[in-house]
Amino acid sequence: MLKLIIANLKMMVRNKQALFWSLLFPLIFTVIFGFFFGSGTLSTGTIEVVNNSNSELSTNLVSLLKKQSDIFNIDEQSGIEAAREKIKDGKAGAAVIIPAGFGATGQEAVTELKILTDPGSAQTAAAVQSVVGAFLTQTNYLVTNTKPIYKFTTEVANPSSSGFGYFDFVLIGIIGMAMMNSAVQGLAISISRYREDQILKRITTTPLAGWKFIVAEVIAQLIENVVQIGIIIAVGVNFFHAHVGNIPALLVVSLTAALLFQLVGFFIAAVTKSSDAAEGMATAVTIPMMFLSGVFFPIDSLPKWFYNIVQLLPLSPLLRNMRSISLDGGHIWDNPTQNLIILVWIVGMLLLTIWRFRLSEE
Amino acid sequence: MKNVIKIKNLVKQYGELVAVDGISFEVKEGEIFGLLGENGAGKTTTLEIIEGLRRATSGETEVLGHKIPNELRIIKKKIGVQLQSSAYYNHLKLTEILELFAVFYNHEIDAVKLLESVQLELKKDAYVSQLSGGQKQRFSIVASLVNDPEIVFLDEPTTGLDPIARRNLWELIKDIRDRGKTVVLTTHYMEEAEILCDRIAIMEKGKIVAYDKTNNLVKRAIFPYSVSFETEVNDEKVMKNLEQFGVVSQPGKKKYYLLQMKDSDKLGDAIDVVRKFAPIGLAVRPASLEDVFVELTGKVILPAEKEANA
């Protein structure tokens, strides 16, 4: 059976067209969405910093600002005019101007710095003001030698959800889409082509047990799926700073999705008479789900009656579970309702497939 | 010689349609056995029941002493099957396909050596799609030999091939027989069956209408000899003079006559008459299997029909 799995994998790699749809197609989606929405996640933009002072205090402030790289990027400028230009051109959201002598001791000491803001980037302004404000308060305490009485501590309530954005949402959608497309399209078309070419018939003339043939197909598909998920996550995380959370749990749900859609693929191969028909039916099944199961946008905003229907599509609960794992730090068992829908689909498709799918005609 | 296949009262029904209607025959060890018949006569259905691909409605089938369907697994290990279509995996090389099929039988093979036996060793790294029609058929046959089977089933192995490729395949089939294997084949080509097959069963509408050694079948011809020639002499005169010897017809081109003779003793007299017509291309032929086949099944299979159904 190992040999059959290896042979299946070889065929997958050599079938350039199928390889494109299973690997390159989701990758193209990842890159496109990555360019639009990836990178920096909650980043509110760029801050110009003009440091005309050489005191320890000013150096500390600049380095503190630089540490906030997950909130904004720092771009250092030499003069205030250059910083203004950047803001005017929309290349920066705010600027911190540290005048000469700021933080120095003695006669020339300056105690005030300036923050330039852009009304169009209120978020950036608020962020930089709070960082600078906190820094100055701290300094004031040190200088006046008093201890703060009231303080607060912060704790991230949901470690994995820290700063996730639309790209993280859509990346999970792309993984789900990849599972669905490669399993439904891949199996429906390849199995029906095997039947058309009489390869299935030829195999039934050998003593090979039918279940071994099927299991080898399934395993080869799953291996392909793991590679797909690996590539999508690697590109998403490394190039576009995506957050995917608990990868093993995500993998489990993704492969559950793959298995369910493999059943759909087998079923389509069973009920269609030619590979062309199988291809058409596979497309008819996958395309609507791409849009109605929340691959690219949340389905919660759909009208209630419509949502009640589309949430039952097989991809919907799978995506919901995958997102709860990677975006909310959830666990596989967190959503009993969703799991029930998935289970019903798996059992239902399994029964239908067992009922209709045969390697030979009799 | 012992019988390796025994079929008794085999019936296969699809609803109202009776595809195989109570046939019985045996195949002897080491022979080339031909199953002939028109398209739809039930040849392939019969083969596929013996190969375990279809279930018989009733009747007994025994292969190498094992009963179908109970001992099908054992039978499958000992037989090799070539199906009518020779398609195989598109994205595997020839050696890879052979090795994969050998795995299905738990059989060790030297794929290159097998390919050598059908002169395909130079194509070992090719894909099936890169082979010519004859090469595909040869590959398809060698693929049925990966488990070193005792019986090999070939379903229309030469359909659609050119005459040279067809003769190559005859050599190959003979080789397989010489290696001690029993060969069961179906074909549309009577010439091929006459040359290759030791014994033949002719099927017609699900029934066996003739079943004998090939020689004996040919002897059964109603017209043991035929005389053919071309002449400028007018129709009426030719007909009038020759009808006493048998059936005269103009089966094809203009001025081409065919005299089918029932009584071989009068062959000399008939030829003497024909000579008076200044014949061109005078030929005397003994009856062939094709003549017997046409007489038995009552129809001529047109070449165009053969190709269309290939």
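## Chain contacts, helix packing and local backbone geometry

In this predicted model, 19 residues of chain A are in contact with 22 residues of chain B. On the side of chain A that touches chain B, the elements contributing two or more residues are α1 (2-14) and α7 (199-204) of chain A, and the largest share, six residues, is supplied by α1(A). By residue character, this side of chain A divides into six nonpolar, six polar and seven charged residues.

**Domains and overall build**

The domain assignment of chain A gives a domain 1 made of two segments, 2-39 and 163-356, and a domain 2 that covers 46-160. Taken over C-alpha atoms, the centres of domain 1 of chain A and domain 2 of chain A are separated by 48 Å. Chain B is likewise assigned a domain 1, running over 3-219, and a domain 2, running over 225-286, and the C-alpha centres of these two domains of chain B lie 41 Å apart.

Chain B holds 12 helices and 14 strands, and its C-alpha atoms fill a box of roughly 70 × 45 × 35 Å along the principal axes. Of the 310 residues in chain B, 40% are buried. Among the contacts in chain B with a separation of 6 or more, 69% are accounted for by residues 24 or more positions apart.

**Packing around α12 of chain A**

Two packed helices are described by the angle between their axes and the distance between the axes. For helix α9 (residues 247-271) of chain A and helix α12 (residues 315-328) of chain A, the axes come within 9 Å and cross at roughly 170 degrees; since angles over 145 degrees count as roughly antiparallel, α9(A) and α12(A) are therefore roughly antiparallel to each other. The residues that meet in this pairing include A:Ala249, A:Leu250, A:Val253 and A:Ala257 from α9(A), and A:Leu318, A:Met322 and A:Ile325 from α12(A). A:Ser254 and A:Thr256 in α9(A), together with A:Asn321 and A:Ser326 in α12(A), also take part in the contact. The residues of the contact of α9(A) with α12(A) divide into seven nonpolar, four polar and no charged.

The length of α12(A) can be checked against its residue count: at 1.5 Å a residue, its 14 residues should span 20 Å, and its end C-alpha atoms are 19 Å apart, which agrees. Because 13 of the 14 residues of α12(A) are buried, this helix is largely enclosed by the rest of the structure. α12(A) is followed by A:Gly329, whose phi is positive, near 65 degrees.

A:Ile342, which is found in helix α13 (residues 336-356) of chain A, is in contact with residues of both helices just described. Leaving aside its neighbours within four places in sequence, A:Ile342 is in contact with A:Thr256, A:Leu260, A:Pro317 and A:Leu318. With 22 other C-beta atoms within 10 Å, A:Ile342 is buried, while its C-alpha atom is separated by 16 Å from that of A:Leu251, which is 91 residues away along the chain.

**A buried strand residue in chain B**

B:Leu259 lies in strand β13 (residues 256-261) of chain B and is buried, with 24 other C-beta atoms within 10 Å. Beyond its neighbours within four places in sequence, B:Leu259 is in contact with B:Ser226, B:Val227, B:Leu242, B:Phe245, B:Gly246, B:Val248 and B:Ala270. B:Leu259 and B:Leu196, by contrast, are 63 residues apart in sequence and 28 Å apart in space, C-alpha to C-alpha.

**Local backbone exceptions**

Most residues other than glycine have a negative phi, and most peptide bonds are trans. The table lists two residues that have a positive phi although neither is a glycine.

| Residue | Phi | Loop | Other C-beta atoms within 10 Å |
|---|---|---|---|
| A:Asn145 | about 60 degrees | between α5 (122-144) and α6 (166-196) of chain A | 6, exposed |
| B:Lys205 | near 50 degrees | between β9 (199-204) and β10 (207-213) of chain B | 15, partly exposed |

A further exception concerns a peptide bond: the one from B:Ile68 to B:Pro69 is cis, with omega near 10 degrees. B:Pro69 has its place in the loop between β5 (66-68) and α2 (72-78) of chain B.

Conventions
Residues numbered from 1 in each chain as written. Chains lettered and ligands numbered in written order. Predicted model: local features only at pLDDT ≥ 70, side-chain atom pairs only at ≥ 80, totals over all residues. Helix = DSSP H or I, 4+ residues; strand = E, 2+ residues; numbered from the N terminus. Buried ≥ 20, exposed ≤ 12 C-beta atoms within 10 Å, placed from the backbone. Contact = placed C-beta atoms within 7 Å. Nonpolar A, V, L, I, M, F, W, Y, C, P; charged D, E, K, R; others polar. Axes fitted to C-alpha atoms, helices over the stretch in contact; angles between N-to-C directions. Parallel < 35°, antiparallel > 145°, perpendicular 65-115°, else oblique. Domains from an automatic or database assignment. Expected span 1.5 Å × (residues − 1).
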